[in-house]
Amino acid sequence: MESEAGFADFVGQWSPALLRVAFLLTGDRGMAEDLLQTALLKTSRRWSRIADHDAAYPYVRRVLVTTYASWRRRHRVSEVLTDRLPEQATADDVTAPGRAVAALDGLPPRMRAVIVLRYYEDLSEADTAAALGCSPGSVKSQASRGLARLRIELSPATDLVRHREDAP
């Protein structure tokens, strides 16, 4: 019973932060909620084995990342069929945070996870490598490439090129 109360306390305290990480990984609020629920379900099954409940956040964060990677491998193509075309947003309609999330969404899953863990969660290269199950060198190269792609995508020059392409 104490274990269940401890898990409920953990969920109440850390769900908002974990949901933000899940959103940055998925780029979609609904998928982020599903990802978090799946990660919490997996964690609840192992909660009694987590010796230090204060260190549970990194454990659940790793479950989030590995579950996200698994989902991305299984669902490589995501299409939504509709009977009409969606409205097109202009560059002026997109806010700065929206542009950043959209740019992040354009990165491959592993690169995106590295960027989220390194720069949003502020993990070291070693901790990011441990969370992703890869080498620190892989984290360095993925972070470097990811940041370069984000700089290009978010640069004012990219907006100017897009604006010229959209002009008649």
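**Exercise 1.** With which side chain does the side chain of Glu 121 make a polar contact? Place Glu 121 in the predicted model and decide whether Glu 121 is buried or exposed.

*Solution.*
1. Locate the residue: Glu 121 is in the loop between H5 and helix H6 (125–132).
2. Look for the polar partner: the side chain of Tyr 57 makes a polar contact with that of Glu 121, at 2.8 Å.
3. List the contacts, leaving out residues up to four places away in sequence: Glu 121 touches Val 21, Tyr 57, Arg 61 and Val 116.
4. Classify the burial: buried means under 20% relative accessible area. Glu 121 has 15% relative accessibility and therefore counts as buried.

**Exercise 2.** Compare the span of helix H5 with the expected value, then describe the residues in and after H5.

*Solution.*
1. Helix H5 covers residues 109–120, which is 12 residues.
2. From first C-alpha to last, H5 reaches 15 Å, close to the 16 Å expected at 1.5 Å a residue.
3. The buried residues in H5 include Met 111, Ile 115, Val 116 and Arg 118.
4. The charged end of Arg 118 sits over the ring of Tyr 119, at 5.3 Å from the ring centre.
5. Just after H5, Asp 122 has a positive phi of about 60 degrees.

**Exercise 3.** Find the buried residues of H6 and state how they are arranged around the axis.

*Solution.*
1. Thr 128, Ala 129, Ala 131 and Leu 132 are the buried residues of H6.
2. Their arc around the axis is only 160 degrees, so they lie on the same side of H6.
3. The general background is that an α-helix has 3.6 residues a turn, so residues three or four places apart point the same way.
4. Gly 133 follows H6 and has a positive phi, near 70 degrees.

**Exercise 4.** How many aromatic pairs are there? Analyse the pairs of Phe 10 with Trp 47 and of Trp 14 with Tyr 57.

*Solution.*
1. The count comes to 3 aromatic pairs.
2. Phe 10 and Trp 47 form a tilted pair, 5.3 Å centre to centre with 45 degrees between the planes.
3. Phe 10 lies in helix H1 (residues 2–26) and Trp 47 in the loop between helix H2 (29–46) and helix H3 (56–74), so this pair ties together parts 37 residues apart in sequence.
4. Both Phe 10 and Trp 47 are buried.
5. Trp 14 and Tyr 57 also form a tilted pair, at 4.7 Å centre to centre and 45 degrees between the planes.
6. Trp 14 is in helix H1 and Tyr 57 in helix H3, so the parts tied together are 43 residues apart in sequence.
7. Trp 14 is partly exposed at 31% relative accessible area, whereas Tyr 57 counts as buried at 10%.
8. Phe 7, Phe 10 and Trp 47 form one aromatic cluster.

Terms used
Residues numbered from 1 in each chain as written. Predicted model: local features only at pLDDT ≥ 70, side-chain atom pairs only at ≥ 80, totals over all residues. Heavy atoms only, no water. Helix = DSSP H or I, 4+ residues; strand = E, 2+ residues; numbered from the N terminus. Expected span 1.5 Å × (residues − 1). Buried < 20%, exposed > 50% of the residue type's maximum accessible area, 1.4 Å probe, protein only. Polar contact = N/O pair within 3.5 Å; in protein donor to acceptor, adjacent residues only side chain to side chain. Contact = heavy atoms within 4.5 Å. Arc of directions from axis to C-beta. Phe/Tyr/Trp six-rings, centres within 6.5 Å; stacked < 30°, edge-to-face > 60°. Lys NZ or Arg CZ within 6 Å of the ring centre and 35° of its normal.
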